[in-house]
Amino acid sequence: MTGRWRRIPWTITCFATCLAAFLSVIVPVTATRADQLDAAKLSGALVRISATILPDSQSARSLGTEREGTGVVIDGAGLILTIGYTILEASQLQVTTGEGRGYPAEFVAYDQASGFGLLRAGMGFSAAPVRLGDSDAIKEGERAMVLTRQGSTGVQPVLIAAKREFAGYWEYLLDEAIFTTPPIMGFNGAALIDRKGELVGIGSLIVRDAVPAHGGIPGNMFVPVSALKPILADLLAFGRRQEPARPWLGVTLREEQGRLMVERVTPQSPAATVGIQPGDMIVGVAGQRPKGLADFYRKVWGLGPAGVTVPLELLRGPKLEPVAVPSADRYSTLKLNPTF
């Protein structure tokens with residue numbers, strides 16, 4: 001995914017690498033170290049994903065029509081886990097093994113809440129899967145390993161820098177995400193492997209504040225696999241989780257000193273239909289002041305499922321304006337044609 005998290009100077013990256021190396025010396029670790037794992041064997045479960053996206057799809061405007069990422073085989077029948085934006089609204093999917101063999105693949109599922117995506121490789125594909133680990137058990141300060149099919153470095157030792165809440169500007173919130181350092185560039189869909197050789201996270205972003213203290217140290221954000229386990233059966237059977245969808249507005253937001261500025265409005269979204277514009281400041285939700293991006297999402301989602309009217313208070317210059325937004329189910333706006 002392109003965006004503000006990806007544009008990090010190489011000097012900062014080098015600094016983060018040195019810092020992580022220093023931390024790895026002073027932080028106690030167990031005798032079983034991540035860099036002692038059989039990386040070559042684990043890499044056999046990784047594929048490169050190539051996705052062609054429908055040009056008139058919603059996600060094509062922000063993510064493009066040609067995407068690549070990494071996928072991780074998680075069962076013996078070619079089921080592959082990745083980050084969902086890589087395959088979202090794809091009309092054609094292909095996976096390529098480390099030996100360079102390509103196979104067609106089919107879209108299986110996308111989960112808006114976690115960000116996970118699933119696809120299945122076609123006939124003839126075979127790979128030993130990686131076991132899903134316990135992402136709740138991994139601790140800050142532990143060593144781990146990142147495997148990716150993108151870029152020149154396929155294996156990189158990392159440090160678990162933090163486990164904390166993450167709020168994304170695209171109406172996305174994780175109660176707990178995993179942050180690692182130093183940063184890797186081939187992050188989308190990359191596999192975070194714990195010291196047992198098990199999958200504990202899927203790469204989503206490069207961030208400036210993996211270590212927030214001292215001005216912030218860059219790294220990567222991984223979605224923990226603990227978010228997959230409760231919904232996997234739903235994703236395989238229905239292509240999405242079977243619970244009421246969250247209300248979606250269609251705004252891209254930036255937090256500024258506790259205030260939320262609208263940076264972008266998705267065309268034909270609920271926000272667009274009521275005239276919300278870039279530059280508007282959201283200062284109220286149902287009569288309450290949101291305390292940052294995460295609190296804003298929780299207040300909106302707490303009003304009810306998709307379809308509920310969301311009363312917002314906007315600041316436009318010196319003027320406050322109330323706006324009632326009839327929310328939607330984002331899945332209804334996406335061009336998804338899953339096969340199971």
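Reader: Which residue lies over the face of Phe179?

Author: Arg164 does, at 3.9 Å from the ring centre. A charge sits over a ring if NZ of Lys or CZ of Arg is within 6 Å of the ring centre and within 35 degrees of the ring normal. You'll find another case at Trp301, where Arg246 lies over the face, also at 3.9 Å from the ring centre. Bear in mind that you're looking at a predicted model, in which local features need pLDDT of at least 70, side-chain atom pairs count only at pLDDT 80 or more, and totals for chains, interfaces and linings use all residues. Residues are numbered from 1 along each chain as its sequence is written, and side-chain values use heavy atoms, leaving out hydrogens and water.

Reader: Which residues form one aromatic cluster with Phe179?

Author: Phe166, Tyr169, Trp170 and Tyr172 join Phe179 in that cluster. Rings of Phe, Tyr and Trp (its six-membered ring) pair if their centres lie within 6.5 Å; planes under 30 degrees apart are stacked, over 60 edge-to-face, the rest tilted. By that count the structure holds nine aromatic pairs. Take Phe166 and Trp170: their ring centres are 6.2 Å apart and their planes stand at 50 degrees, so this pair is tilted.

Reader: How do the rings of Trp170 and Tyr172 sit, stacked or tilted?

Author: Stacked, because the planes of Trp170 and Tyr172 are at 15 degrees, with the centres 5.2 Å apart.

Reader: Is Trp170 buried or partly exposed?

Author: Partly exposed, at 22% relative accessibility. Buried means under 20% relative accessible area, exposed over 50%, partly exposed in between (1.4 Å probe, protein chains only). Its two ring partners land on the other side of that line: Phe166 is buried at 7%, and Tyr172 is buried at 3%. Across the whole chain of 340 residues, 52% are buried.

Reader: Where is Glu171 found, and what is its phi?

Author: Glu171 is in the loop between β8 and β9. Its phi is near 65 degrees, a positive value in a residue other than glycine. Glu171 is also buried, with a relative accessible area of 8%. Ala286 has a positive phi too, about 50 degrees, and isn't a glycine either. That residue lies in the loop between β15 (281–285) and α6 (293–301), and at 35% relative accessible area Ala286 is partly exposed.

Reader: Which peptide bond is cis?

Author: The one from Thr181 to Pro182, with omega near 5 degrees. Pro182 belongs to the loop between β9 (172–181) and β10 (191–193). One residue that touches Pro182 is Gln156, which also meets Ala144, Met145, Val146, Pro183 and Ile184, not counting residues up to four places away in sequence. Contact here means heavy atoms within 4.5 Å. Gln156 itself sits in strand β8 (residues 155–168) and is buried at 18%.

Reader: How many helices and strands does the chain come to?

Author: Six helices and 17 strands. These are DSSP runs numbered from the N terminus: helices are H or I with at least four residues, strands E with at least two.

Reader: Which strands make the closed barrel?

Author: Follow them round as β1-β2-β3-β6-β5-β4, six strands with antiparallel pairing. Two strands pair if DSSP finds at least two bridges between them. β1 (residues 46–53) and β4 (residues 90–96) have six bridges and run antiparallel. To see one on screen, pick Ser50, whose bridge partner in β4 is Gln94.
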